[in-house]
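Visitor: I'd like to go through this one with you. Can you pull it up?

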Amino acid sequence: MAGGETVEIITETISQKDETDMSHLKNSDENKTTNLENKSISEKEESDTIPAIENGTHEETETHEDQEETLEQSSSTQDQTEPSGTSESKSPNSNERLMRLPLSRIKVIMKTDPDVTLASQEAVVALCKATELFIGAISKDAVVTTLNSKRKTLQRKDLDVVLDSRDGYAFLEGTLD
Amino acid sequence: MAERPEDLNLPNAVVTRIIKDAIPEGVNISKEARLAISKAASVFVLYATSCANNLALKGKRKTISATDVINSMEDMEFDQFVEPLKQVLEEYRKEQKSKKDAASERKKKVKEEEKTAADSDEEGQGEAMEEDAGGEEDTPVGSVVTISDDDN
């Protein structure tokens, strides 16, 4: 039956947990009881949302939910235990969310320009992304100076060097004091 | 408009994360430098807005378009941003389109369910009810179109 699968998957879920919480793996009996608890809880949740589903499909959807939970848990434990692997986990993140800066804030700044009458939503999106690229670019340029002077902290004076070195940053002169 | 001056700053946490993503691991950033970069980013937004607005005015348009923003990057000597921005815009349009499709799909479904429910409830008074349902169906479709006009 599908019930066997459910138990197996939930056990996996718990073994994923074991990095943070060892108490669940003391013996198999305890596992089973926690399984049952999990099951009854998720069944309650499901009966709230999808009351019309029959038993067979019910258990299938339940396993899907558990798998999703497992994924979530594993990703969260990865974040906690392996900060070194962040560069890998960040790239899919940035794909999911195109923009990280708030569009509303960008809009507010744009509106302070008295010459601007209107801006399309796409223009705000483009400018939002451009600002992100700008922050990345200026940081990358400044960190070169930091590393050249064999320091491990990016300092204000590294930025000043960058502002003088590239024409593109000339517009910032006098605004950062 | 009376906005507080801090409204012109970008959120610190987000800015810090973008900086951290850009610099190699193990390099820290001083608070001063972080604030300076955040301020520079705000100035960048203003400067780019002004450049893009000039392009729009030159084209005798009142609304700044995404193309204006992307073209203004060349004026600002940030040519390297043009390609990634075009890609992001493409992705954004796809995302919006799929969202819109999903929304209209959902609306259709709801309408159909309502219609079948109404049909089964009021089997006796057939024709008048069906006409009503048809009229209801037309209005939301029209409203979807006007919303999309606003977006563009």
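Guide: Start with chain B, where 22% of the 152 residues are buried. Keep in mind that this is a predicted model.

Visitor: What is the mean pLDDT of chain B?

Guide: The mean pLDDT of chain B is 83, with 77% of its residues at 70 or more. Over residues 126-152 of chain B, the pLDDT is below 50. That stretch has ten contacts in the model beyond near neighbours in sequence.

Visitor: And what does chain A average?

Guide: Chain A averages a pLDDT of 66, and 45% of its residues score at least 70. Residues 1-95 of chain A have a pLDDT below 50. Beyond near neighbours in sequence, that stretch makes 52 contacts in the model.

Visitor: What about ipTM and pTM?

Guide: The model scores ipTM 0.73 and pTM 0.60.

Visitor: OK, secondary structure. How many helices and strands does each chain have?

Guide: Chain B has five helices and two strands. Along the sequence its pattern is α-β-α-β-α-α-α. Chain A comes to seven helices and two strands. From the N terminus, chain A runs α-α-α-α-α-β-α-β-α.

Visitor: How much of chain A is buried?

Guide: Buried residues make up 20% of the 177 residues in chain A.

Visitor: And contacts between residues far apart in sequence?

Guide: Take contacts in chain A with a separation of 6 or more: residues 24 or more positions apart account for 47% of them. In chain B, among contacts between residues at least 6 apart, 34% join residues at least 24 apart.

Visitor: Now the interface. How many residues does each chain put into the contact?

Guide: Chain A gives 50 residues and chain B gives 57 residues. On the chain A side, the elements giving two or more residues are α5 (103-111), β1 (118-119), α6 (121-148), β2 (153-154) and α7 (156-165).

Visitor: Which of those gives the most?

Guide: α6(A) does, with 19 residues.

Visitor: What's the chemistry on that side?

Guide: By class, the side of chain A that touches chain B has 25 nonpolar, twelve polar and 13 charged residues.

Visitor: Which strand of chain B is joined to β2(A)?

Guide: Strand β1 of chain B, residues 28-29. Two bridges join β2(A) to β1(B), and the strands run parallel. A:Leu154 stands opposite B:Ile29 there.

Visitor: Switch to the core. How many residues are in the largest nonpolar core?

Guide: It has 51 residues. Those with the most contacts inside it are A:Ala126, A:Leu127, A:Ala130, B:Ile37 and B:Val69. Chain A gives two or more residues to this core from each of α5, α6 and α7, and chain B does so from each of α1, α2, α3 (66-75) and α4 (82-121). The largest share, 13 residues, comes from α6(A).

Visitor: What does B:Ile37 touch?

Guide: Setting aside residues up to four places away in sequence, B:Ile37 touches A:Ile135, A:Ile138, A:Ser139, A:Leu159, B:Val15 and B:Ile19.

Visitor: Those last two sit in α1(B), right? Which residues of α1(B) are buried?

Guide: B:Val15, B:Ile18 and B:Ile19 are buried in α1(B), residues 12-22. Seen down the axis of α1(B), the buried residues fall within an arc of 100°, so they line one face of the helix.

Visitor: Any general reason for that kind of spacing?

Guide: An α-helix has 3.6 residues a turn, so residues three or four places apart point the same way.

Visitor: What does that buried face pack against?

Guide: The buried residues of α1(B) pack against α6 of chain A, together with β1 and α2 (31-58) of chain B.

Visitor: And A:Leu159? Which residues of α7(A) are buried?

Guide: In α7(A), A:Asp158, A:Leu159, A:Val162 and A:Leu163 are buried. Their arc, seen down the axis of α7(A), is within 140°, so they too line one face of the helix. They pack against α6 and β2 of chain A and α2 of chain B.

Visitor: Last one. Is A:Ala123 buried or exposed?

Guide: A:Ala123 is buried, because 28 other C-beta atoms lie within 10 Å. A:Ala123 is found in α6 of chain A.

Visitor: Which residues is A:Ala123 in contact with?

Guide: Leaving aside neighbours within four places in sequence, A:Ala123 is in contact with B:Ala52, B:Ile64, B:Ser65, B:Ala66, B:Asp68 and B:Val69. A:Ala123 is also 9.7 Å from A:Lys107, C-alpha to C-alpha, with their positions 16 residues apart in sequence counted as separation.

Conventions. Residues numbered from 1 in each chain as written. Chains lettered and ligands numbered in written order. Predicted model: local features only at pLDDT ≥ 70, side-chain atom pairs only at ≥ 80, totals over all residues. Contact = placed C-beta atoms within 7 Å. Helix = DSSP H or I, 4+ residues; strand = E, 2+ residues; numbered from the N terminus. Nonpolar A, V, L, I, M, F, W, Y, C, P; charged D, E, K, R; others polar. Pairing = 2+ DSSP bridges. Buried ≥ 20, exposed ≤ 12 C-beta atoms within 10 Å, placed from the backbone. Arc of directions from axis to C-beta. Core = buried A, V, L, I, M, F, W, Y, C linked by C-beta atoms within 7 Å. pLDDT = per-residue confidence, 0-100.
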